[in-house]
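Subject: A structure for you to look at

Hello,

Here is the structure I promised to pass on. Please have it open while you read, and my notes on what turned up follow below.

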Amino acid sequence: MNKEQEIQKILHSKFMYGPKYQMDEALTEGINFFSGSASSAFYELWGNSSIFRLIVMQPSKTLFTSHYVGKDHLMFLLMEEEQVRGGFISRSENLLTEFKRIFNHVREEHVEELHLLWINYASIHYEKLSNTVEKY
């Protein structure tokens, strides 16, 4: 093992919680790994047919891109082979519709599975990270 791999292994053990961080053993689904905080969190979510690697970030309350994405938004990024795709989701809109909009490159049944994993596991955990984040 080279030096970089050793460093990554040490950092992984220090910052990554899991495996089976919060799993429903009967269904073998839930949060397999977690790392981060309310400002930026990583979740490896196991579903019935897929494994999702999701980064959730809380933008600054003053963030403006092409429109205001501060206070009532979260950024969801789906990691796929070390690349990320996603976008901002408004907490005041329908979450499944928002997931379908930003993850339009993912098959609909997988988006629905990710949505259920977020609702049933990750959002509950994420809410505990920060009192300012609403439950979906």
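Before the first result, a definition: the radius of gyration is taken over C-alpha atoms, and the globule rule it is held against is 2.2 Å times the number of residues to the power 0.38. Please keep in mind that this is a predicted model.

Overall shape

For 136 residues, the rule gives a radius of gyration near 14 Å for a compact globule, and the chain has 15 Å, so the two agree. Along the principal axes, the C-alpha atoms take up a box of roughly 45 × 35 × 30 Å. The chain has 3 helices and 6 strands. Read from the N terminus, their order is α-β-β-β-β-β-β-α-α.

Of the 136 residues, 39% are buried. Among contacts with a separation of 6 or more, 33% are between residues 24 or more positions apart. The exposed area of the chain comes to about 8,300 Å², and carbon and sulfur atoms supply 53% of that.

Charges and salt bridges

The chain carries 14 positive and 18 negative charges, and the mean positions of the two sets are 6 Å apart. How many salt bridges does a search of the whole structure find? The search finds 5. Here are some that you may like to look up.

One of them joins R53 and E82, with 3.7 Å between the closest N and O atoms. This pair links distant parts of the chain: R53 is in strand β4 (residues 51–57), while E82 sits in the loop between β5 (73–80) and β6 (83–90), 29 residues apart. R53 has 26% relative accessibility and therefore counts as partly exposed. E82, at 62%, counts as exposed.

Another salt bridge is formed by the side chains of K100 and E108, at 3.0 Å from N to O. K100 is partly exposed because its relative accessibility is 32%, and E108 is partly exposed as well, with a relative accessible area of 44%. These two residues also belong to a network of salt bridges that links K100, E108 and E112.

R107 and E109 form a salt bridge too, and their closest N and O atoms are 2.7 Å apart. Here E109 is partly exposed, with a relative accessible area of 43%, whereas R107 is exposed, at 52%.

More on R53

What does R53 touch, leaving aside residues up to four places away in sequence? The list is F42, Y43, E44, L77, L78, M79 and E82, so its salt-bridge partner E82 is included, because a contact means heavy atoms within 4.5 Å. For G70, which is 17 residues from R53 along the chain, the C-alpha atoms of the two are separated by 24 Å.

A charged residue without a partner

Finally, please look at E113 in helix α3 (residues 108–129). Is E113 buried or exposed? E113 is buried, yet has no salt bridge. The nearest side chain of opposite charge belongs to R107 and is 8.1 Å away, while a salt bridge needs a side-chain nitrogen of Lys or Arg within 4 Å of a carboxyl oxygen of Asp or Glu. Not counting residues up to four places away in sequence, E113 touches G47, N48, S49, S50 and F52.

I hope this helps you find your way around. Happy exploring!

Best wishes

Notes:
Residues are numbered from 1 along each chain as its sequence is written. This is a predicted model: local features need pLDDT of at least 70, side-chain atom pairs count only at pLDDT 80 or more; totals for chains, interfaces and linings use all residues. Side-chain values use heavy atoms; hydrogens and water are left out. Helices (H or I, at least four residues) and strands (E, at least two) are DSSP runs, numbered from the N terminus. Buried means under 20% relative accessible area, exposed over 50%, partly exposed in between (1.4 Å probe, protein chains only). Lys and Arg count as positive and Asp and Glu as negative; His and the chain ends are not counted. Accessible areas come from the Shrake-Rupley method with a 1.4 Å probe; for residues, only the protein chains shown count as cover. The place of a charge is taken as NZ of Lys, CZ of Arg, CG of Asp or CD of Glu.
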